[in-house]
Amino acid sequence: MSPFLFWIFALVTLIFGAAVVINRNPVASALSLVMSFLGLAALFMSLNAYFIGIIQVLVYAGAVMVLFLFIIMLLDLRAEEGRQINWLASAAGLAVAIILLGQIFSVVRHFTIAHKAFPPLPASTIDDVRNIGATLFGSYNLPFQIVGVLVLVATIGVVLLSKREPR
Amino acid sequence: MITLGDYLIVSGILFAIGFAGVMLRRNLIIILMSLELMLNAANLSLVAFSRFRVDSRGLPNYNAQVFVFFVITVAAAEVAVGLAIIVALYRARRTTDVKNISSLKF
């Protein structure tokens, strides 16, 4: 992928990611999150991870976002307006995030292999759904089944949580 | 030329944005969205490392991509349970603001 496209999609991901935090209206935040996930899916595809990019679009930009929007509309959340900001707490939170960012930057700068370009892949041999499937069902068969049980437990848990108790 | 470090920097900035969202926002739903941003930042660096470690057959390292698959599955389950908890909380307290939900605060 050309560097130009990489920076475009990286900027889309980061700007809309920041918009999620900055927006006051929850619906605008959710829609910014969709754009951020789409940019991220493009970045995955730029790394030749087509399968991951597609399930990113299907699961996050599709299912998870519909769930978020549905809950926002169901609870009828309005934009929080006129609420006074606790400046001390906000500055402390921002400072912790900036310190974390500085640490990540310094680690990446001193990480020698981070300055190397990606090794080339032999063209037209990327069959990544087949390879991920072989890895998933070969080396990670037991974790895969455990994740299936986890999803089942989550389904039952959601049904139990949202059931109204009789009084 | 795009290096591994560029992807790691983007991933780090995205993680810091999500972290700032968790620290700064008071709405539970926005906090959950920021958590999703942090999970996705970790996924991006996993996929970048996967692409960087090309094996002898000339294929990326698929262990990392399987791990990302698991992360996405668990995150979807987590969102479903988290939103169900938020709905139950809203029913009981009529609010999703963490300032008004501080019964367990020390």
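Where in chain A is the place of A:N48? A:N48 sits in the loop between α2 and α3 of chain A, and we'll come back to this residue further down. First, a word of caution: what you're looking at is a predicted model. There are two chains to keep track of, with 60 residues of chain B in contact with 67 residues of chain A. Let's walk through how they meet, then zoom in on a few residues.

**How chain A is divided**

- Chain A splits into domain 1, covering 1-79, and domain 2, covering 126-167.
- Take the C-alpha centres of domain 1 of chain A and domain 2 of chain A, and you'll find them 23 Å apart.
- The two domains do touch: four residues of domain 1 of chain A are in contact with four residues of domain 2 of chain A.
- On the domain 1 side of that contact in chain A, you get three nonpolar residues, one polar and no charged ones.

**Where chain B meets chain A**

- Back to the two chains: 60 residues of chain B are in contact with 67 of chain A. On the chain B side, the elements giving two or more residues are α1 (4-24), α2 (28-52) and α3 (62-93) of chain B.
- The top contributor on that side is α3(B), which gives 22 residues.
- Sort the chain B residues that touch chain A by class, and they come out as 44 nonpolar, 13 polar and three charged.

**The largest nonpolar core**

- As background, nonpolar side chains tend to be buried together in soluble globular proteins.
- In this model, the largest nonpolar core has 60 residues, and the members touching the most other members are A:L43, A:F44, B:I29, B:M33, B:L44, B:V47 and B:A48.
- Both chains pitch in: α1 (3-22), α2 (26-46), α3 (50-75) and α4 (87-109) of chain A, together with α1, α2 and α3 of chain B, each give two or more residues to this core.
- The largest share is twelve residues, and it comes from α2(B).
- B:I29 is worth clicking on. Leaving out residues up to four places away in sequence, B:I29 touches A:P26, A:F68, A:I71, A:I72, A:L77, B:I86 and B:T96.

**A helix pair across the two chains**

- How do the axes of α3(A) and α2(B) cross? They come within 12 Å of each other and cross at roughly 175°.
- Angles over 145 degrees count as roughly antiparallel, so α3(A) and α2(B) are roughly antiparallel to each other.
- From α3(A), the contact uses A:I52, A:V64, A:F68, A:I71 and A:I72, while α2(B) brings B:I29, B:M33, B:E36 and B:V47.
- By class, the residues in this contact are eight nonpolar, no polar and one charged.

**Buried or not: a few residues up close**

- Is A:F68 buried or exposed? A:F68 lies in helix α3 of chain A and is buried, because 24 other C-beta atoms lie within 10 Å and the cut-off for buried is 20 or more.
- Setting aside neighbours within four places in sequence, A:F68 is in contact with A:A30, B:I29 and B:M33.
- A:F68 and A:L47 are 21 residues apart in sequence, and their C-alpha atoms are 28 Å apart in space.
- A:R78 lies in the loop between α3 and α4 of chain A, and counts as exposed, with 10 C-beta neighbours inside 10 Å.
- A:R78 and A:N25 are 53 residues apart in sequence, yet 6.6 Å apart in space from C-alpha to C-alpha.
- A:V151 is in helix α6 (residues 141-162) of chain A. With 14 other C-beta atoms within 10 Å, A:V151 is partly exposed.
- Not counting residues up to four places away in sequence, A:V151 touches B:T73 and B:A77.
- A:V151 and A:S90 are 61 residues apart in sequence and 36 Å apart in space, C-alpha to C-alpha.

**Two residues with positive phi**

- Here's A:N48 again: its phi is near 60°, which is a positive value in a residue other than glycine.
- A:N48 is partly exposed, with 19 other C-beta atoms within 10 Å.
- B:R94 isn't a glycine either, but has a positive phi of about 65°.
- You'll find B:R94 in the segment after α3 of chain B. B:R94 is exposed, with 9 other C-beta atoms within 10 Å.

Key: Residues are numbered from 1 along each chain as its sequence is written. Chains are lettered from A and ligands numbered from 1 in the order in which they are written. This is a predicted model: local features need pLDDT of at least 70, side-chain atom pairs count only at pLDDT 80 or more; totals for chains, interfaces and linings use all residues. Domain bounds come from an automatic or database domain assignment. Two residues are in contact if their C-beta atoms, placed from the backbone, lie within 7 Å. Ala, Val, Leu, Ile, Met, Phe, Trp, Tyr, Cys and Pro count as nonpolar, Asp, Glu, Lys and Arg as charged, and the others, Gly among them, as polar. Helices (H or I, at least four residues) and strands (E, at least two) are DSSP runs, numbered from the N terminus. A nonpolar core is a set of buried Ala, Val, Leu, Ile, Met, Phe, Trp, Tyr and Cys residues joined through C-beta atoms within 7 Å. A residue is buried if 20 or more other C-beta atoms lie within 10 Å of its own, exposed if 12 or fewer, and partly exposed in between; C-beta atoms are placed from the backbone. Axes are lines fitted to C-alpha atoms, for helices over the stretch in contact, and angles run from 0 to 180 degrees between N-to-C directions. Angles under 35 degrees count as roughly parallel, over 145 as roughly antiparallel, 65 to 115 as roughly perpendicular and the rest as oblique.
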